[in-house]
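Trainee: I am new to this structure and would like a close look at one part of it. Please take the stretch you think worth following and describe what surrounds it.

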Amino acid sequence: MSAKFNIIIFTRNVIDLNWLLGVVEAKGLNATINEIESVENWEFEDLQIHACENDTNEILGLLEEGRIISIIGEVNSNKFAVMLSKIENIYEIRVSLDTKHIVYLDSDMLDELTQPIYDEVSNILLSSEMVDSLLISALGVEVIVDYYDDFQKMNLNSYNVVRWVFGTHKTRSNHSLKGYRQVSTNIWDKIGKV
């Protein structure tokens, strides 16, 4: 079983899924959605299957009703999953990309092969369409992270984060982040091997 490259994003506002799909396509990647499901809670009660052709506004409406959305698909023949949820006023997007056919991405460090991927994702997160809504994002392989208003608590309870990306209002420029180094105003990378 292959590992999963994760991008976990916490935002103040919902991200426009049509815009995000457009970004993927503009990068020359062919994304196909194979399955959309929603559940009432994390016990996966009241499973509903939705047509893949559904309008993204309809899917986001389910999210606003408190349902958890699961989108399964492929991008250039690599399997991916996206989980969308909302807790109080925080939106969470968890993207998992199977590394089975992109083995170099199954790495717990930044190097000449993985750095461009992390940088590309970071550029999207810090784009004008996202940065004002972005609270924080964690990138890495098999990442575990939950949102807390207290970033130190969030960091202490996280695992396998190779890069943190902060939105404009959460910039950590004047703070020390143990085990990470600041590489730009909004980006902190893990020092050495994770």
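Mentor: What follows is an account of strand 5, its partner strands, and the core and pockets around them. Keep in mind that this is a predicted model.

Strand 5 covers residues 78–87. On one side it pairs with strand 4, residues 68–75, and the two run antiparallel, joined by 7 bridges. They form a hairpin with 2 residues between the strands. In that turn, Asn76 has a positive phi of about 50°. Beside the turn, Val75 stands opposite Asn78 of strand 5.

Strand 5 also pairs with strand 6, residues 90–98. These two are antiparallel as well, with 8 bridges between them. One bridge links Met83 to Arg94 in strand 6. Here too there is a hairpin with 2 residues between the strands, and Glu88 in its turn has a positive phi of about 55°.

Next, the nonpolar core. The largest one has 32 residues, and Leu84 is among the three that touch the most other members, along with Ile69 and Leu125. Strands 4, 5 and 6 each supply at least two residues of this core, as do strand 1, helix 2, helix 3 and strand 7. Helix 2 gives the most, with 4 residues. Leaving aside residues up to four places away in sequence, Leu84 touches Leu17, Leu63, Arg67, Ile68, Ile69, Ile71, Glu92 and Ile93. A separate core of 17 residues lies apart from the largest one, and includes Ile90, Ala138, Met154 and Val161.

Now the pockets. The largest has a volume of about 1,000 Å³. Its lining has 36 residues, of which Ile7, Val24, Leu29, Val75 and Val95 are the closest to the centre. Val75 is the residue that stands opposite Asn78. Strands 4, 5 and 6 each give at least two residues to this lining, and so do strand 1, helix 1, strand 2, helix 2 and helix 3. By type, the lining holds 29 nonpolar, 5 polar and 2 charged residues.

The second largest pocket has a volume of about 220 Å³. Its lining includes Ile87, Glu88, Asn89, Ile90 and Glu92, together with Phe10, Asp146, Tyr147, Tyr148 and Asp149. Glu88, in the turn between strand 5 and strand 6, is thus part of this lining by the list above. The lining divides into 5 nonpolar, 1 polar and 4 charged residues.

How values were computed:
Residues numbered from 1 in each chain as written. Predicted model: local features only at pLDDT ≥ 70, side-chain atom pairs only at ≥ 80, totals over all residues. Heavy atoms only, no water. Core = buried A, V, L, I, M, F, W, Y, C linked by side-chain atoms within 4.5 Å. Buried < 20%, exposed > 50% of the residue type's maximum accessible area, 1.4 Å probe, protein only. Contact = heavy atoms within 4.5 Å. 1 Å grid on protein atoms, 1.4 Å probe; cavity = no way out; pocket = protein on both sides within 12 Å on 5 of 7 lines; lining within 4 Å. Points joined across faces, edges and corners; volume = space filled by probe spheres on them. Nonpolar A, V, L, I, M, F, W, Y, C, P; charged D, E, K, R; others polar. Pairing = 2+ DSSP bridges.
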